[in-house]
Amino acid sequence: MPGGFPAALEAGLAQARQIADAVLFEGYVLYPYRASAAKNRLRWQFGVLVPPSYGADSGEHSHQRTECLIEPRHGSLLAVELRFLRARRRTVQRALDDGGYETVPELALADRVVLPWDEGLEERIALLVPVAGLTRDGGAVHRFRLPARREEEPLDEAGVRAGRLLCAREEVSGVIRLSARELPGPYGALRLTAVVENTGAWDPWDGASRESALPHSLVSAHLLLALDRGTFLSSADPPRWAAGAVAECRNEHTWPVLAGADGRGDVLLSSPIILEDHPRIAPESPGALYDATEIDEILALRTAALTDREKREARGTDARAGAVIDLADSLPPEVLERLHGAVRELRAAPASGAPEQPWWDPGADREVDPGRDRVLIDGHPVGAGSRVLLKPGRRRTDAQDLFLHGCTGLVEAVLHDVDGSVHLAVTVEGDPGADLWRLQGRFRYFQPDEVAPVEAS
């Protein structure tokens with residue numbers, strides 16, 4: 001639960017926790033919010049820190065590493081909040097006439113259909129450390145252990161025992177390592193390193209699956225960091241003097257973004273999902289739908305259209321899934337209307353008599369020919385038909401394009417936009433779907449400084 005930090009730090013963390021909650025529950029349960037749905041059978045894709053014995057051969061990770069630059073003031077305190085979900089595995093049993101129970105794949109009750117499921121329980125490990133101490137003696141090390149628990153929940157209907165839930169939590173243990181190193185120069189900045197590791201001693205048997213490892217894992221793990229006096233520097237848009245030092249920061253399986261209220265730099269969120277600095281929850285959003293890749297309006301409408309049986313199954317899947325069903329059923333028309341669209345920024349119209357800015361349409365300019373135009377890159381003219389090496393830029397490229405770093409591509413067109421920028425439409429060499437994308441006119445787009453001519457590479 002939030003709390004436990006001095007008031008000044010708590011105030012800074014309050015808004016950031018709204019974003020952190022969205023990260024914590026991203027993909028927790030997806031439409032149609034039923035355990036039986038195919039998309040809900042392979043869960044928790046972000047920030048899963050598995051036990052080391054499982055991660056070694058699975059391709060999953062047992063640690064996260066965050067590095068960022070901070071400018072602390074004398075006597076600064078650093079608040080550290082590790083947040084993650086812990087799986088509680090649920091078995092459904094039906095009551096028998098002789099007073100015993102039998103395990104069943106589902107149990108139908110009047111208001112819901114109860115199914116086996118892994119619930120996610122919120123866990124929080126909080127630390128408060130002096131920044132000065134992080135530069136000495138290896139910094140700070142905090143180990144934690146959450147013991148295993150077994151629980152039973154009765155399922156009654158009309159005063160009669162219909163069944164029960166057997167809920168199991170496995171032991172989870174880990175360590176948080178914090179250290180800081182002074183940067184050379186007059187700025188007084190530090191490179192802060194925060195490592196989170198799953199140190200569980202769980203020993204999987206031969207052929208152990210991801211499903212068996214999840215109860216021993218830190219799920220959707222992420223860090224919230226806050227300074228009571230001082231600021232974090234942006235990793236995406238650092239000041240010029242810090243750009244080189246930021247480029248040397250090593251972040252593994254997580255990405256740090258500024259998350260302070262009102263654009264301040266006193267809070268940082270290290271997220272397993274790539275975000276921009278100062279992310280915000282849309283004010284129109286009526287509540288958590290656990291799927292930030294979708295549009296709230298579509299999800300709300302489709303959820304309200306589920307059958308009664310589907311809604312009963314969703315309510316029996318998870319309390320959070322049931323809350324989504326209740327939310328969709330209760331949204332008034334005016335709230336749905338707000339979800340249809342929002343204007344974020346308005347610009348004043350030019351004053352009467354002022355000259356209007358001319359509008360240039362590249363498609364109507366006969367001097368513009370995407371198929372023949374060339375742009376000079378490293379002294380080489382590049383245009384349609386040119387082979388290029390892809391080097392996507394971190395700050396302005398779609399996150400998915402970062403996976404193409406080092407691939408080669410074929411330039412299909414050189415495009416100009418109304419802001420005067422140049423973009424290269426590219427298909428990736430070796431992509432089996434390249435001919436289909438080309439036929440449909442669908443390409444990947446890069447700016448000239450994000451590619452290099454193959455002849456010059």
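**A walk through the predicted model**

Thr193 is found in strand 11, which covers residues 190-198. The structure is a predicted model, and every value below is computed from it. Thr193 has a relative accessible area of 10%. The cut-off for buried is under 20%, so Thr193 counts as buried. Its side chain makes a polar contact with the side chain of Glu67, at 3.1 Å. Glu67 also appears among the residues that Thr193 touches beyond four places in sequence. Arg65 and Thr66 belong to that set, and so do Arg177, Leu178 and Ser179.

Next comes a loop residue. Ser217 sits between helix 3 (210-213) and strand 12 (219-227). Is Ser217 buried or exposed? Its relative accessible area is 0%, so Ser217 is buried. The side chain of Ser217 reaches back to the backbone oxygen of Ala213, at 2.8 Å. Ala213 is the last residue in the range of helix 3. Leaving out residues up to four places away in sequence, Ser217 touches Val48, Leu49, Val50 and Pro51. It also touches Leu85, Val172 and Asn198. Asn198 closes the range of strand 11, the strand that holds Thr193.

Now to a pair of helices. Helix 6 spans residues 308-317 and helix 7 spans residues 319-330. Their axes lie 6 Å apart, and the packing angle is about 140 degrees. That angle makes helix 6 oblique to helix 7. Which residues of helix 6 and helix 7 make the contact? Helix 6 supplies Lys311, Ala314 and Arg315. Helix 7 supplies Ala321, Gly322, Ile325, Asp326 and Asp329. By class, this contact has four charged residues, three nonpolar and one polar.

Further along the chain is an open sheet. Five strands form it, in the order 21-20-19-18-22, and the pairing is antiparallel. Strand 21 (444-446) and strand 22 (451-453) stand at the edges. Each has a single partner strand, so one side of each is left without a neighbour in the sheet. Neighbouring strands are turned by 50 degrees against each other on average, direction ignored.

Strand 20 can be followed from one partner to the other. Strand 19 (residues 408-416) is joined to strand 20 by seven bridges, and the two run antiparallel. Within this pairing, Leu410 stands opposite Thr427. Ala413 has Ala425 as its bridge partner. Strands 19 and 20 form a hairpin with five residues between them. Gly420 lies in the turn and has a positive phi of about 90 degrees. Strand 20 also pairs with strand 21 in the antiparallel sense, over three bridges. There, Leu424 stands opposite Phe446. Strand 20 is mostly covered, with six of its seven residues buried.

What follows strand 20 (422-428) is a loop that leads to helix 9 (434-440), and Asp431 is in that loop. Asp431 has a relative accessibility of 27%. The partly exposed class lies between 20% and 50%, so Asp431 counts as partly exposed. A polar atom of its side chain lies 2.9 Å from the backbone nitrogen of Gly433. How far apart are Asp431 and Ile298 in space? The C-alpha to C-alpha distance is 32 Å, and the two are 133 residues apart in sequence.

Note on methods. Residues numbered from 1 in each chain as written. Predicted model: local features only at pLDDT ≥ 70, side-chain atom pairs only at ≥ 80, totals over all residues. Heavy atoms only, no water. Axes fitted to C-alpha atoms, helices over the stretch in contact; angles between N-to-C directions. Helix = DSSP H or I, 4+ residues; strand = E, 2+ residues; numbered from the N terminus. Parallel < 35°, antiparallel > 145°, perpendicular 65-115°, else oblique. Contact = heavy atoms within 4.5 Å. Nonpolar A, V, L, I, M, F, W, Y, C, P; charged D, E, K, R; others polar. Buried < 20%, exposed > 50% of the residue type's maximum accessible area, 1.4 Å probe, protein only. Polar contact = N/O pair within 3.5 Å; in protein donor to acceptor, adjacent residues only side chain to side chain. Pairing = 2+ DSSP bridges.
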